[in-house]
Amino acid sequence: MNIQRSTYLITNTLALSSYRQNTDHNSAMAAYDPSIPVIAVPLQNNGASSSTAAAAPPLATATIARPSLTTTKSNYQLPSSRQLGSLLQIPETQISLLQKQGYTRGLSTSLSQTIRTYPLRIWIVDNSGSMSNIDGHRFVETSSSNNVKTVPCSRWDEIKDCVLYHAQLASVLESPSTFRLLNDPGLGMKDCHQFSIAMESTDPSVMQSEMSHVRDIMNRAQPS
């Protein structure tokens, strides 16, 4: 009985010790945060007398430089059309243009105020070869002016409609926007790789010329 009892106690003691080790290990792994750098710290000798133990050299520590949002300065400058802080409300004529596209008056007014939150819009336009695939869709008007339908098209035709629409919207809202093609279209035209709306001026004649330039590029460019 004593031998069996001793064996039982030893077995249960080992099991309890293993359980505690696994629990401590799991707790440590759960608390581990990989984003926090691990820095080696040499153990301190708490006055223990050891005449034979040699003093361990201090371990090297690594310093990780992290960018600071409070000290890092941006080189970004507001577009010249917004450097004077002129954030005028959208004119009534432009609200009418948005309403003709189906926007309500309240939504048209809200769109005009997005310039305060997004003073600059940057578009990266994918014109790679895969955009030739015919798995896109376009919205086209039907015989009824109040109805549209979707028709199949290439991805590039879908992207062209998207760019032209948002370029026109940027012109209406007078919101500085830059469009950059992923690949140089090689059209031999000025500013055909990157073009903008309302970046330099919000004069209607200037933006109309910019819009014509956008149409010309998007209609001539092909996936490459």
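Among contacts in the protein between residues at least 6 apart in sequence, 55% join residues at least 24 apart. The model in which these contacts were counted is a predicted one, and it holds five helices and five strands, which follow one another along the sequence in the pattern α-α-α-β-β-β-α-β-β-α. Of the 224 residues in the protein, 23% are buried, while the accessible surface comes to about 16500 Å², with carbon and sulfur atoms supplying 55% of that area.

In soluble globular proteins, nonpolar side chains tend to be buried together. In the present model, the largest nonpolar core has 21 residues, and Trp156 and Ile197 are the members with the most contacts inside it. At least two residues of this core are supplied by each of helix H4 (155–173), S4, S5 and H5. Apart from this core lies another, of five residues, which include Leu98, Leu111, Val172 and Leu173.

The surroundings of Ile197 can be described residue by residue. When residues up to four places away in sequence are not counted, Ile197 touches Ala167, Ala170 and Ser171, then Ser175, Pro176, Ser177 and Phe179, and also Glu210, Met211 and Val214. Strand S5 (194–197) contains Ile197, whereas Ala167, Ala170 and Ser171 are among the buried residues of H4.

Helix H4 itself has 19 residues, which at 1.5 Å a residue should span 27 Å, and its end C-alpha atoms are 27 Å apart, so the expected and computed spans agree. The buried residues of the helix are Trp156, Ile159, Lys160, Val163, Ala167, Leu169, Ala170, Ser171, Val172 and Leu173. An α-helix has 3.6 residues a turn, so residues three or four places apart point the same way. The buried residues of H4 pack against two helices that precede it, H2 (92–100) and H3 (105–112), against strand S1 (121–125), and against S4, S5 and H5.

After H4 comes Glu174, with a positive phi near 55 degrees. Ser175 is placed in the loop between H4 and S4, and because its relative accessibility is 1%, against a limit of under 20% for burial, it counts as buried. Leaving aside neighbours within four places in sequence, Ser175 is in contact with Ile115, Arg121, Ala170, Ile197 and Ala198.

The last of these partners, Ala198, lies in the loop between S5 and helix H5 (204–220). The phi of Ala198 is near 60 degrees, a positive value in a residue other than glycine, and with a relative accessible area of 0% Ala198 is buried. A positive phi, near 55 degrees, is also found at Asp191, again a residue other than glycine. Asp191 belongs to the loop between strand S4 (177–181) and strand S5 (194–197); in contrast to the buried Ala198, Asp191 is partly exposed, at 46% relative accessibility.

The loop between S4 and S5 also contains Leu182, which at 47% relative accessibility counts as partly exposed, because this value falls between the 20% and 50% limits. Together with Ile122 and Ile124, Leu182 forms a nonpolar patch on the surface, and the three residues have about 330 Å² of accessible area together.

Note on methods:
Residues are numbered from 1 along each chain as its sequence is written. This is a predicted model: local features need pLDDT of at least 70, side-chain atom pairs count only at pLDDT 80 or more; totals for chains, interfaces and linings use all residues. Side-chain values use heavy atoms; hydrogens and water are left out. Helices (H or I, at least four residues) and strands (E, at least two) are DSSP runs, numbered from the N terminus. Buried means under 20% relative accessible area, exposed over 50%, partly exposed in between (1.4 Å probe, protein chains only). Patches are made of residues with over 30% relative accessible area and no salt bridge: like charges are joined within 9 Å, nonpolar side chains (Val, Leu, Ile, Met, Phe, Trp, Tyr) within 5 Å. Accessible areas come from the Shrake-Rupley method with a 1.4 Å probe; for residues, only the protein chains shown count as cover. A salt bridge is a side-chain nitrogen of Lys or Arg within 4 Å of a carboxyl oxygen of Asp or Glu. A nonpolar core is a set of buried Ala, Val, Leu, Ile, Met, Phe, Trp, Tyr and Cys residues joined through side-chain atoms within 4.5 Å. Contact means heavy atoms within 4.5 Å. The expected span of a helix is 1.5 Å times one less than its number of residues.
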